[in-house]
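This report covers metal sites, cysteine pairing and one helix residue. The entry is shown first.

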Amino acid sequence: MSGPKRPPLEDRSATMLACVRAAGLKLTPQRMAIVRELAADPTHPTAQELFERLRPALPTMSFATVYNTLATLAEAGLCAALSLSPGASRFDPNMRAHYHAVCDRCGMVRDVPAATPAASEPAHAPAISAVPGFQVRAVERIYRGLCADCAREAQKAPPPRRVPGPRPAASPARG
Ligand SMILES: [Zn+2]
Ligand SMILES: [Zn+2]
């Protein structure tokens with residue numbers, strides 16, 4: 001139904017579907033659609049985005065079904081709920097160590113492969129030693145900036161104002 005088949009994604013959604021079932025949830029066509037959509041999605045969608053995307057095909061599906069399915073997967077460690085920017089959590093089906101690139105302008109999120117196989121190891125060990133006894137579970141790195149499209153747009157028509165700096169603008173002279 002949707003695009004060419006890619007084995008890794010099929011595996012990923014199969015694992016997720018097994019988890020949904022193991023959590024005691026019935027594998028309804030709605031839940032299967034939610035899982036397949038998330039597993040194949042590199043954009044780190046919010047629950048609302050997935051809901052709106054799937055609603056035309058599944059008009060009786062509720063937002064709660066989408067949210068609860070995603071929450072079940074996150075609890076089982078099969079997807080991650082990310083807070084990369086203000087607003088609703090984004091759901092990430094990629095559970096390998098990786099970083100994120102986030103566009104300031106359109107909110108686009110993409111995966112960035114971690115440079116080293118063990119993201120939490122050598123490079124970060126000295127820094128974290130500043131917090132004695134802290135045990136690292138994961139290292140998150142976010143590259144913030146502009147995606148290619150937004151960078152192009154910004155060159156064409158720069159936004160009227162940049163983010164205000166820390167200093168208040170000089171007040172205009174009184175008349
Ligand atoms: Zn962008
Ligand atoms: Zn990711």
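A residue counts as buried when its relative accessible area is under 20%, as exposed when that area is over 50%, and as partly exposed in between. By this cut-off histidine 44, at 0% relative accessibility, is buried. The model is predicted.

## Zinc ion, ligand 2

Histidine 44 is one of the protein donors of the zinc ion (ligand 2), to which it contributes NE2. The other donors are Asp92 (OD), His98 (NE2), His100 (NE2) and Asp111 (OD), and the distances to the ion run from 2.0 to 2.2 Å. Along the chain the donors are spaced as H-x47-D-x5-H-x1-H-x10-D.

Histidine 44 and aspartate 111 link distant parts of the chain, 67 residues apart. Histidine 44 sits in the loop between helix 2 (29-39) and helix 3 (47-54), whereas aspartate 111 belongs to strand 4. The two also differ in accessibility: histidine 44 is buried at 0%, while aspartate 111 is partly exposed, with a relative accessible area of 31%.

## Zinc ion, ligand 1

The zinc ion (ligand 1) is coordinated by four sulfur atoms, the SG of Cys103, Cys106, Cys147 and Cys150, at 2.3 Å. The angles among the four donor atoms are 101 to 114°, and the site is tetrahedral. The spacing of these donors along the chain is C-x2-C-x40-C-x2-C.

Cysteine 106 lies in the loop between strand 3 (98-103) and strand 4 (109-113), and cysteine 147 lies in the loop between strand 5 (142-145) and helix 6 (148-156), so this pair ties together parts that are 41 residues apart in sequence. Cysteine 106 is partly exposed, with a relative accessible area of 48%. Cysteine 147, at 12%, counts as buried.

## Cysteine pairing

How many disulfides does a search of the whole structure find? The search finds zero.

Cysteine 79 illustrates this result. The cysteine sulfur closest to that of cysteine 79 belongs to cysteine 19 and is 8.6 Å away, which is too far for a bond, because a disulfide requires two cysteine sulfur atoms within 2.5 Å. Cysteine 79 is buried, at 2% relative accessibility.

## Threonine 65

Threonine 65 is placed in helix 4, which spans residues 63-75. Is threonine 65 buried or exposed? With a relative accessible area of 18%, threonine 65 is buried.

Apart from neighbours within four places in sequence, the contacts of threonine 65 are Gln30, Arg31 and Ile34.

Terms used:
Residues numbered from 1 in each chain as written. Chains lettered and ligands numbered in written order. Predicted model: local features only at pLDDT ≥ 70, side-chain atom pairs only at ≥ 80, totals over all residues. Heavy atoms only, no water. Donors = N, O, S within 2.8 Å, 3.2 Å for Na, K, Ca; no water. Tetrahedral: all angles 85-135°; square planar, octahedral: opposite > 155°, others 65-115°. Helix = DSSP H or I, 4+ residues; strand = E, 2+ residues; numbered from the N terminus. Buried < 20%, exposed > 50% of the residue type's maximum accessible area, 1.4 Å probe, protein only. Contact = heavy atoms within 4.5 Å.
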